[in-house]
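Q: Please take a close look at one part of the model shown here, and then follow the chain outward from there. I am new to this, so give the cut-offs for each term when you use it.

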Amino acid sequence: MRELVRLREPDVMVEPDGKYQFAGVYCFGRGVFRSQFRTGVEFAYRRLTRLKAGNFVYPKLMAWEGALGVVPAECDGCVVSTEFPVLR
């Protein structure tokens, strides 16, 4: 697997007054979607991962529901928390 994909490390340092466009992942393999904007004071994560089109992402907590997807162009630049492993 290491030859096929690489885990991306979180690459965004959260600023309290920063505004972040989050992405979400639908259940049952229906893909990735643009979610809400949130400011850094609205969540506890200190780092986020910025998505790039073509990345593979899934939430650790809902993976059993088939929540997974390849990041589409419209979600390029969105962020996810560290609860979402991102693979390139």
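A: Arg8 counts as buried, because its relative accessibility is 10% and buried means under 20% relative accessible area, whereas exposed means over 50% and partly exposed lies in between, with a 1.4 Å probe and protein chains only. This is a predicted model, in which local features need pLDDT of at least 70 and side-chain atom pairs count only at pLDDT 80 or more, while totals for chains, interfaces and linings use all residues. Residues are numbered from 1 along each chain as its sequence is written, and side-chain values use heavy atoms, with hydrogens and water left out.

The side chain of Arg8 meets that of Asp11 in a salt bridge, with 3.0 Å from N to O; the term stands for a side-chain nitrogen of Lys or Arg within 4 Å of a carboxyl oxygen of Asp or Glu. Asp11 is partly exposed, because its relative accessibility is 39%. A search of the whole structure finds one salt bridge.

Other charges can be followed on the surface, where Arg2, Arg6, Lys52 and Arg88 form a positive patch. Patches are made of residues with over 30% relative accessible area and no salt bridge, like charges being joined within 9 Å and nonpolar side chains (Val, Leu, Ile, Met, Phe, Trp, Tyr) within 5 Å; Lys and Arg count as positive, Asp and Glu as negative, and His and the chain ends are not counted. The place of a charge is taken as NZ of Lys, CZ of Arg, CG of Asp or CD of Glu, and accessible areas come from the Shrake-Rupley method. Arg2, in the segment before S1, counts as exposed because its relative accessibility is 67%.

Strand S1 (7-8) leads into the sheet as one of its edge strands, with strand S7 (69-70) as the other, each pairing on one side only. Strands are DSSP runs of E with at least two residues, numbered from the N terminus, and two of them pair if DSSP finds at least two bridges between them. This open sheet has four strands in the order S1-S9-S6-S7, with antiparallel pairing. Strand S6 (residues 56-57) pairs with S7 over two bridges in the antiparallel sense, and here Phe56 stands opposite Val70.

In the loop between S6 and S7 lies Tyr58, which is partly exposed because its relative accessible area is 27%.

Terms used:
Areas by Shrake-Rupley, 256 points an atom, 1.4 Å probe, with all protein chains shown as cover.
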